[in-house]
Amino acid sequence: VDGSVAALRSLANRAEREPELAELLLRATTPEPLYPPLERATVEDWAMTQLRLHAGRPEVAPWLRGWVDTEARTRLIWRRQLPVTPERAPSENELRRYVEVAPPLLAEVLEAETAIVFDWLKKRLKELDKERSKASLDEGRKEQLALLQRLAFFVLDPDGELERVFPLDDALRWVGSKNAARQLAGRTLIFSSLIGGLESGGLDAKAKGTAPAADEEAPFGGESDLDPPPVTFRVRQATEQAHELEDPRWRLRERLPLRVDAEGEVLCWLAVYKWTNAAETEEDRSVGRPQSLAEHQEWVRERAEGEAQSLGLSESLERVLAAAALSHDEGKRARRWQEAFRAPSEGGPYAKTLGPLNVALLGGYRHEFGSLPYAAERADPDRWTDDERDLLLHLVAAHHGYARPFLRPDGCEQAPPSRLESRSREVTLRYFRLQRRWGPWGLAYLEALLRAADQRASRDNDALALAGAKEGLRAD
């Protein structure tokens, strides 16, 4: 039987002439759901991606799938290492940082209908409450339950942002409240593996002990395998300053303090290691084989020009992309960026470093904001039209997804605050001018071209690091 697209199209064409066949096709076809009308104003509201909360921006699902009746679903993840100790619960900022460097991965997710998840969670929490009341508990289990008292699980909203944190007692009170189940729809729950409740890959409220977790320290793949593993991070506790693993394929990405003494000195760290070429965020892509700023930007220019030529873009757009590529990371010259990413003292400035990032030193600084004066110098008004100049500056400001519609001047030391605020306002005004000029999809497409060139250049740099890791493995 020929079930190709061409055959189905031929069948549809026949149905236009054969009423009986048309009736059969109608009966065999799932009815198309109703879709809300797509209006320009709605698209422009969605385009302002930095505004997490926007009263005029609806959920996008009905426009993608139509109005359909589906069971609400919830995603569950178990982790062995969370930033918590029996003496101290993590702050919300620490949990946000943890999720940023070790985000949920498909390989560790169990997804189920929300009603089933809530019923399991309610029963599991009651089992834990019964267990901790027993006098016969050994010291090891008491310590584990003390950890759950500090943090049993936390909830991410549909956008992946931290929404709520649940110590064990708070969770027990919450599951008995009205409409609690409804609050889990579309959410992701990240549990301490000590909560248990997982048996043979399925939910079991009576399953005791430590649940299997993705951040276990078991090795991934063979020694010569340089392909990314299913879970591209490892998390370990370190009683001394965390350092690189012996395996060169893993690099230290972040250190979170777990225990701090009265003088503020860290006694125990939670260290997050990432696979060499596994980059989910800007910070991931900035940590890797040390590479000078000049070399990285030249690599991005070559990639951007190649894209423009392959796509048949105009000479004007090719020139804008090339100029944006040669300016996009100039803000990394800032002393605070180089220090925050632990750049070597010689051979700089650097665009890529071994890290790990000390986010506190950044002070909120966005290097794209610091790159704008350099891009403006490159776009001489005598040789560029106003449209070209606007697009060049916007591509530099937006190449990490910001400037939609604003880019804050926090941490920038290039000029007095009044001038920095003026530059920040111009970022927003420029965005709206370009939205009118190119349309929401057109502008996003042009942004994606520079972002793709930047990411491909970063992967080229990672490939050199992996080649070095391979030689190191062979030498061992």
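The following questions and answers look at the sheet and the two largest pockets of this predicted model.

Trainee: In what order do the five strands of the open sheet lie?

Mentor: Strands of a sheet pair through backbone hydrogen bonds, and the pairing may be parallel or antiparallel. Here the sheet is open and its pairing is mixed. Reading across its five strands, the order is β2-β1-β5-β3-β4.

Trainee: Which strands stand at the edges, each with a single partner strand?

Mentor: A strand with a single partner has one side left without a neighbour in the sheet, so the place to look is at the ends of the order. The twist averages 25 degrees from one strand to the next as you follow that order. The strands at the edges are β2 (110–113) and β4 (162–166).

Trainee: Which residue in β5 is the bridge partner of Leu 156?

Mentor: Strand β3, residues 153–156, runs antiparallel to strand β5, residues 188–192, and four bridges join them. Leu 156 is thus numbered at the end of the β3 range. Its bridge partner in β5 is Thr 188.

Trainee: At about what angle does helix α8 run to β4?

Mentor: Helix α8 covers residues 168–175 and lies across two strands, β3 and β4. Taken against β4, the helix runs at about 105 degrees.

Trainee: Which helix gives the largest share of the lining of the largest pocket?

Mentor: The largest pocket holds about 2000 Å³ of space. It is lined by 48 residues, and those closest to its centre are Thr 49, Arg 52, Asp 159, Glu 161 and Tyr 402. At least two lining residues come from each of α5 (92–101), α9 (282–286), α13 (359–362) and α16 (417–475). The largest share, four residues, comes from α5.

Trainee: How many residues in the lining of the largest pocket are charged?

Mentor: Sorting that lining by class gives 18 nonpolar residues and ten polar ones. The remaining class, the charged residues, has 20.

Trainee: Which element gives the largest share of the lining of the second largest pocket?

Mentor: About 780 Å³ of space lies in the second largest pocket. Of its 27 lining residues, Ala 61, Arg 65, Thr 70, Arg 73 and Gly 186 are the closest to its centre. Both α4 (61–65) and β1 (73–79) supply at least two residues of this lining. The largest share, four residues, is that of α4.

Trainee: How many residues in the lining of the second largest pocket are nonpolar?

Mentor: This lining also divides into three classes, with six polar residues and eight charged ones. The number of nonpolar residues is 13.

Technical notes:
Residues are numbered from 1 along each chain as its sequence is written. This is a predicted model: local features need pLDDT of at least 70, side-chain atom pairs count only at pLDDT 80 or more; totals for chains, interfaces and linings use all residues. Side-chain values use heavy atoms; hydrogens and water are left out. On a 1 Å grid over the protein atoms alone, a cavity is a set of points where a 1.4 Å probe fits but cannot get out, and a pocket is an open set with protein on both sides within 12 Å along at least five of seven lines; lining residues have an atom within 4 Å of a point. Grid points are joined across faces, edges and corners, and a volume is the space filled by probe spheres set on the points. Ala, Val, Leu, Ile, Met, Phe, Trp, Tyr, Cys and Pro count as nonpolar, Asp, Glu, Lys and Arg as charged, and the others, Gly among them, as polar. Two strands pair if DSSP finds at least two bridges between them. Axes are lines fitted to C-alpha atoms, for helices over the stretch in contact, and angles run from 0 to 180 degrees between N-to-C directions. Contact means heavy atoms within 4.5 Å.
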